[in-house]
Amino acid sequence: MGQEIQENFSASLQESLSACGDDSDFKGHKTITEICGKLYVVGATSEAAEALLEVKVFDKATGKWFAPTILGKKPNTSTFHSDVLVSNDRILILKADSSANEFSHFLEVDSKFVRERKELLGGEVLAWSKGSIGDGPKPIVISGPSGVGKGTLINKLMEDFPSTFGFSVSHTTRAPREKEVNGIHYHFTEREVMEKEIREGKFLESALVHGNLYGTSVEAVEAVTDTGKRCILDIDVQGARSVRASSIEAIFIFIRPPSYEELEKRLRDRGTETEEQIQKRLRNARKEIEEGKEGLFDHILVNDDLESCYANLKKLLGLDSIESSNKAASVDFKTPSSFTISRDAENNIFIESQDAETKDGIPKKIVLDVSSLRGGAPGRTRGLAVSTEY
Ligand SMILES: Nc1ncnc2c1ncn2[C@@H]1O[C@H](COP(=O)(O)OP(=O)(O)OP(=O)(O)O)[C@@H](O)[C@H]1O
Ligand SMILES: Nc1nc2c(ncn2[C@@H]2O[C@H](COP(=O)(O)O)[C@@H](O)[C@H]2O)c(=O)[nH]1
């Protein structure tokens with residue numbers, strides 16, 4: 001919830017700006033962007049190298065400052081950053097001395113994700129979303145009834161393509177199974193804690209599944225997307241529905257068993273549930289399999305023979321083209337220490353170096369095309385097109 005900062009300023013832009021300038025909390029460089037009568041001030045409250053960029057909002061109508069709820073991973077500071085208003089829903093922050101993977105961050109002000117979260121949390125909500133050059137891989141949501149083999153298929157993908165895929169580690173209130181490790185298979189948590197965190201907006205989706213709470217935290221998805229890997233979510237059908245309705249652009253895959261009898265056999269043979277729990281999971285399976293037919297999913301795979309199902313999964317994920325598109329997107333450069341920003345009417349943004357000398361890997365000019373942005377917090381903002389001139 002946005003916390004009001006006790007200061008009053010005149011509503012005129014100039015006075016507001018100087019008021020922002022007097023704001024002693026921000027040290028060093030900061031940017032100010034106006035959207036719909038609000039000034040978004042981005043800077044750091046400390047000059048330490050590991051300091052993060054913070055945001056404060058000044059509302060010209062009320063003459064008051066707000067410290068909004070900021071979702072998403074805050075960018076690290078750099079010696080200098082610049083702001084570009086991409087549309088009235090997000091501000092692009094461009095950082096100096098930063099790699100191609102780190103230089104662009106979007107501060108979402110009125111995106112779909114932010115609107116969803118505002119409804120949940122109330123108050124002023126903003127979200128950071130790292131920019132991703134090129135098309136970037138969409139997250140993959142895998143659903144299906146308990147015991148169908150989702151985990152087995154995901155483990156195979158992760159083992160065979162460790163640099164391509166990363167698993168979104170969910171939170172759950174169920175007890176750990178014998179070989180499950182906290183932080184790797186799940187973040188095991190208490191119900192009260194998880195309920196509180198759901199209310200605080202920590203989760204992208206959450207659901208009551210077979211009597212326990214499960215949820216995907218914003219941080220879990222970010223932890224994977226930040227490494228540049230393709231995020232895999234193993235979640236139930238309710239969770240898939242929530243993600244489908246959210247701003248996250250994902251590929252939805254439903255795994256079906258060859259029969260109920262086989263599903264029951266797999267659940268029993270796994271030996272991880274009590275008889276009562278198996279019965280509950282089997283009852284829920286009938287409903288989930290019906291829901292799986294409803295058009296929520298982009299692909300349905302039957303897991304009869306494991307190897308053929310895995311081959312089909314790899315085929316539909318077009319793994320060869322993923323590897324090549326990742327390579328195509330891996331443009332490498334470093335932004336200059338100081339630069340000017342200009343833009344044209346065609347959504348091109350020009351970053352021109354003001355450094356005294358040219359250095360290897362630092363272009364004189366970087367041109368960003370922001371006309372085809374997709375996705376957003378926390379799955380990264382994809383579709384940034386970049387060209388460089390040395
Ligand atoms: N194609 C298959 N043929 C036979 N057994 C399989 C097949 N796929 C998976 N299994 C086995 O079925 C059991 C359940 O698989 P797994 O744990 O991967 O299911 P799951 O869908 O992830 O279940 P849950 O949703 O409860 O986590 C495991 O013992 C696994 O080895
Ligand atoms: N909606 C969500 N469902 C989740 C999540 N993590 C796991 N799951 C689903 O729960 C069941 C049971 O899992 P188990 O590990 O107890 O066997 C299974 O269908 C999972 O897909 C989540 O974060 N959100």
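**Two ligands and the largest pocket**

Hello everyone. The residues lining the largest pocket divide into 13 nonpolar, 15 polar and 15 charged. Before I go on, please keep in mind that this is a predicted model.

Let's stay with the pocket for a moment. The largest pocket holds about 1,200 Å³ of space. It is lined by 43 residues, and those closest to its centre are Gly151, Arg177, Tyr186, Asp234 and Arg270. If you want to find the lining by its elements, look for H3, S15, S16, H7 and helix H8, which covers 275–292; these are the elements that give two or more residues. Which element gives the most to that lining? The answer is H3, with six residues.

So what is in there? Let's take ligand 1. The space that ligand 1 takes up is the largest pocket. Around ligand 1, two elements give two or more residues to the shell: helix H3, at 150–160, and helix H7, at 260–270. The shell counts 16 residues, with Ser146, Lys150, Gly151, Thr152 and Arg270 the closest. You may recognise Gly151 and Arg270 from the pocket, where they are among the residues closest to the centre. By class, the shell around ligand 1 has three nonpolar, six polar and seven charged residues.

Now zoom in on a short stretch of chain beside ligand 1. At Ser146, a polar atom of the side chain is 2.6 Å from an oxygen atom of the ligand. At Gly147, it is a backbone N or O atom that lies 2.9 Å from an oxygen atom of ligand 1. Val148 also brings a backbone N or O atom, at 3.3 Å from a ligand oxygen. And how much of ligand 1 is buried by the protein? On its own, ligand 1 exposes 640 Å², and the protein buries 73% of that.

On to ligand 2, which also sits in the largest pocket. Here 19 residues form the surroundings, and the closest are Ser170, Arg174, Tyr186, Tyr214 and Asp234. Tyr186 and Asp234 are names we met at the pocket centre, among the residues closest to it. This time the elements to look at are strands: S15, at 203–209, and S16, at 212–217, each supply at least two residues of the shell. Sorted by class, the shell around ligand 2 has five nonpolar, six polar and eight charged residues.

Let me point out three contacts here as well. An N or O atom in the side chain of Arg174 is 2.6 Å from an oxygen atom of ligand 2. Gly215 contributes a polar backbone atom, 3.1 Å from a ligand oxygen. Thr216 uses its side chain, with an N or O atom 3.3 Å from an oxygen atom of ligand 2. As for cover, ligand 2 has 510 Å² of accessible area on its own, and the protein covers 96% of it.

To wrap up: ligand 1 takes up space in the largest pocket, and ligand 2 sits in the largest pocket too. Thanks for listening!

Definitions and conventions:
Residues are numbered from 1 along each chain as its sequence is written. Chains are lettered from A and ligands numbered from 1 in the order in which they are written. This is a predicted model: local features need pLDDT of at least 70, side-chain atom pairs count only at pLDDT 80 or more; totals for chains, interfaces and linings use all residues. Side-chain values use heavy atoms; hydrogens and water are left out. A residue is near a molecule or strand if one of its heavy atoms lies within 4 Å of it. A polar contact is a pair of N or O atoms within 3.5 Å; within protein, one must be able to donate a hydrogen and the other to accept it, and residues adjacent in sequence count only if both atoms are side-chain atoms. Accessible areas come from the Shrake-Rupley method with a 1.4 Å probe; for residues, only the protein chains shown count as cover. On a 1 Å grid over the protein atoms alone, a cavity is a set of points where a 1.4 Å probe fits but cannot get out, and a pocket is an open set with protein on both sides within 12 Å along at least five of seven lines; lining residues have an atom within 4 Å of a point. A molecule sits in a cavity or pocket if more than half of its atoms lie within 2 Å of its grid points. Helices (H or I, at least four residues) and strands (E, at least two) are DSSP runs, numbered from the N terminus. Ala, Val, Leu, Ile, Met, Phe, Trp, Tyr, Cys and Pro count as nonpolar, Asp, Glu, Lys and Arg as charged, and the others, Gly among them, as polar. Grid points are joined across faces, edges and corners, and a volume is the space filled by probe spheres set on the points.
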